[in-house]
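Welcome, and please get your viewer ready. This tour goes from one selection to the next, with a short word on what you will find at each stop.

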Amino acid sequence: MLRITLAQLNFTVGDIEGNVQRMVDAAQRAAQAGSDLVVFTELALCGYYPGDLLEEPGFMERVDAGIAALQEASRGTPGLHWVVGTPTRAQGPGKRLHNSLLVLQGGEVRITYAKQLLPTYNIFDERRHFEPGPDVARVLRIGHAQIGFLVCEDGWNDTVADYATNPFQRVADAAPDLVVSINASPSHIGKREVRHQVFGDAARRHGLPVVYVNQVGGQDQIVYDGASFAVEPEGGVVFEAPRFAEDVRTLRLEDGRFLAEDGAALPPVPAEGLPTMDFYRQQIVLGLRDYARRCGFRQVVVGSSGGIDSALTLALAAEAMGPENVVAVTMPSRFSSSGSVDDSVRLCENLGIRLHTHPIADLVAGYAAQFGESFGQPLAGLPLENLQARIRGTILMEYSNAFGHLLLTTGNKSEISVGYCTLYGDTNGGLGLLGDLYKTEVFELSRHVNAHAGRELIPQAIIDKEPSAELAPGQRDVDSLPPYPVLDQVLKLIIEGEGLSHAEYEAARAFSVQLQHDEAGRALVHRVRQMIARNEYKRRQAPPILRVRAKAFGNGRQMPIAAKYV
């Protein structure tokens with residue numbers, strides 16, 4: 001029998017000392033449970049992903065001190081093996097560091113294994129900092145069991161689809177009784193099911209049980225959902241840790257089967273994960289909570305227009321931070337409808353958050369008058385519309401500076417895609433919550449928020465209202481853009497393509513084929529492509545956005561600004 005403790009923890013990038021303490025606390029719990037090994041996650045010591053911090057003077061010396069502290073702490077748990085992810089120094093040519101797994105026991109380093117497959121695609125850029133490890137398997141006998149080890153990407157290539165090397169096959173050739181994989185696998189819709197499929201297939205092919213331990217928590221735009229799991233060759237995934245929460249859990253492995261800590265059978269794991277909207281809500285809430293906490297913000301501020309985007313942003317912020325830590329500011333102009341102001345009031349009453357009113361009509365008039373006097377022509381049309389957005393953005397930044405609140409921007413993926421936003425106006429802010437949600441998903445998630453609460457948090461009048469920036473008389477989004485149900489299907493295919501789920505991809509592709517049947521449809525698709533291309537410069541200057549889909553703007557989709565697009 002082997003006892004394994006899965007330590008799914010929320011590590012902070014760069015907080016070596018804090019991360020060490022979290023590991024020590026979890027290891028002590030594992031020792032009390034009589035575990036043979038406690039498994040931490042990829043780069044747990046420094047947090048994933050440290051980026052160019054790895055090149056900062058003194059950083060690796062702090063890592064070395066952290067390893068030494070963990071070794072010393074392991075002396076106090078002599079029967080426990082600590083599986084730790086950390087950078088280590090590489091020897092020979094190439095990059096000077098490895099992304100490594102160490103096994104510590106009784107103050108000694110029993111095994112060092114360097115990650116072989118370094119992802120350099122989508123949001124990943126590990127080859128920038130790390131040298132691949134040698135094509136060898138590392139195994140260790142613990143009691144009567146032989147344990148093999150992998151680091152994240154090393155376990156994803158068992159079909160040899162993406163790399164020439166197959167570390168899973170190599171470790172399987174060493175005939176272990178258990179494979180332990182440490183991971184920092186970012187979360188997006190559908191990722192949980194892909195993990196289960198990949199590692200379930202590998203476990204079945206090789207006849208090996210697998211423990212997969214994953215990081216949890218938000219780090220900049222990326223959220224890690226945890227959801228660590230255990231796989232049996234025949235039974236598939238038989239255990240799963242909670243999503244979006246820390247968890248320290250001990251399992252037994254007896255005769256190739258996983259059991260609960262007390263020897264009882266494990267409850268079945270559902271094949272399907274969270275419903276899509278529930279997933280979006282939980283991922284965004286955790287992402288905001290950790291972003292604010294790690295950046296030193298306790299409160300947030302949002303501009304409340306009375307529209308759906310700001311309403312949903314406020315509702316999610318209230319859940320993440322607590323309503324007492326959320327402030328809304330409504331900034332009516334002469335074009336704002338009374339209904340929008342009333343809707344903001346009702347929304348904030350429902351959420352229990354403070355609402356400040358800061359009218360901008362006089363400010364806009366003053367700017368316009370001075371513009372005419374200085375430049376000899378009246379301010380009108382798009383410049384006047386953008387001025388209103390920029391005045392609002394300036395007021396919100398003033399509030400942020402004066403009171404120390406994090407300003408949340410409210411743009412969604414549809415509008416960001418086609419540039420339906422104002423630089424230095426509604427793009428102002430430190431973080432965007434909705435920037436990876438299409439507009440149709442914003443409406444759907446708003447309805448989910450109300451259903452989850454069991455009451456109307458976001459007023460139905462806001463959900464039913466036709467979208468409008470309210471920057472000109474009678475303005476409607478549909479005057480400038482295709483209807484959102486049409487636009488979103490076109491955007492999904494152009495921006496995400498085969499990165500979509502199978503169902504989403506087939507739906508978007510079928511819709512696109514239908515559009516291509518007539519000249520108007522082809523012209524619409526061409527227009528959308530041009531809008532996406534022309535507005536790359538705006539996206540490059542926008543705040544970071546929380547990623548919930550496989551391909552998000554930011555480091556997930558890297559396009560040139562100055563280029564000729566088809």
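Please keep in mind that this is a predicted model.

**Stop 1: the loop after β7**

Begin with cysteine 152, in the loop between β7 and α3 (167–173). Colour by phi here, and cysteine 152 shows a positive value of about 40° although it is not a glycine. Is cysteine 152 buried or exposed? With a relative accessible area of 7%, cysteine 152 is buried.

Stay in this loop and select asparagine 166, which is also found between β7 and α3. Asparagine 166 counts as buried because its relative accessibility is 12%, and the cut-off is 20%. Show its surroundings, leaving aside neighbours within four places in sequence, and you will find Asn157, Asp158 and Val160 in contact with asparagine 166.

**Stop 2: the nonpolar cores**

Now step back to the interior. In soluble globular proteins, nonpolar side chains tend to be buried together. Here the largest nonpolar core has 47 residues. Select Leu2, Ile4, Phe149, Leu178 and Phe258, which have the most contacts inside that core. Strand β7 (residues 145–151) gives the largest share of this core, with five residues.

Centre on leucine 2 for a closer view. What is leucine 2 in contact with, once its neighbours within four places in sequence are left aside? The partners are Asp36, Leu37, Ile142, Ala145, Ile147, Leu178, Leu251, Arg252 and Leu253.

Apart from the largest core lies another one, of 46 residues. To find this other core, select Val216, Leu406, Leu445 and Ile462, which are among its members.

**Stop 3: helix α1**

Next, show helix α1 as a cartoon: it covers residues 16–32 and has 17 residues. From first C-alpha to last, α1 reaches 24 Å, close to the 24 Å expected at 1.5 Å a residue.

Which residues of α1 are buried? Turn on the side chains of Ile16, Asn19, Val20, Met23, Val24, Ala26, Ala27 and Ala30 to see them. The elements that cover these buried residues include β1 (2–8), β2, α2, β3 (81–89) and β14 (247–254). Following α1 you come to glycine 34, where phi is positive, near 75°.

**Stop 4: the loop between β2 and α2**

From α1, move to glycine 47, whose place is in the loop between β2 and α2. The C-alpha atoms of glycine 47 and isoleucine 16 are separated by 8.0 Å, and the two residues are 31 residues apart along the chain. Glycine 47 is buried, with a relative accessible area of 0%. Beyond its neighbours within four places in sequence, glycine 47 is in contact with Phe11, Thr12, Val13 and Asn19. Asn19 is also one of the buried residues of α1.

Then pick tyrosine 48 and tyrosine 49 and look at the backbone between them. A cis peptide bond joins these two residues, with omega about 5°. Tyrosine 49 lies in the loop between β2 (37–39) and α2 (59–74).

**Stop 5: two partly exposed residues**

Select arginine 128, in the loop between β5 (108–114) and β6 (139–142). Arginine 128 counts as partly exposed, at 43% relative accessibility. Leaving aside neighbours within four places in sequence, its contacts are Asp52, Glu55 and Lys95. Now draw a distance from arginine 128 to histidine 144: they are 16 residues apart along the chain, and their C-alpha atoms are separated by 40 Å.

Go on to aspartate 220, in the loop between β10 (216–219) and β11 (222–225). Aspartate 220 has a positive phi of about 55° although it is not a glycine. At a relative accessible area of 40%, aspartate 220 is partly exposed.

**Stop 6: the second largest pocket**

Finish with the second largest pocket, which has a volume of about 940 Å³. To find its centre, select Trp156, His188, Lys191, Val194 and Ala550, which lie nearest to it among the 44 lining residues.

Which helix supplies the largest share of the lining? That is α4, with six residues. Colour α4 (191–206), α5 (276–295) and α14 (502–515), each of which supplies at least two residues of the lining. Coloured by residue class, the lining divides into 18 nonpolar, eleven polar and 15 charged residues.

Terms used: Residues numbered from 1 in each chain as written. Predicted model: local features only at pLDDT ≥ 70, side-chain atom pairs only at ≥ 80, totals over all residues. Heavy atoms only, no water. Core = buried A, V, L, I, M, F, W, Y, C linked by side-chain atoms within 4.5 Å. Buried < 20%, exposed > 50% of the residue type's maximum accessible area, 1.4 Å probe, protein only. Helix = DSSP H or I, 4+ residues; strand = E, 2+ residues; numbered from the N terminus. Contact = heavy atoms within 4.5 Å. Expected span 1.5 Å × (residues − 1). 1 Å grid on protein atoms, 1.4 Å probe; cavity = no way out; pocket = protein on both sides within 12 Å on 5 of 7 lines; lining within 4 Å. Points joined across faces, edges and corners; volume = space filled by probe spheres on them. Nonpolar A, V, L, I, M, F, W, Y, C, P; charged D, E, K, R; others polar.
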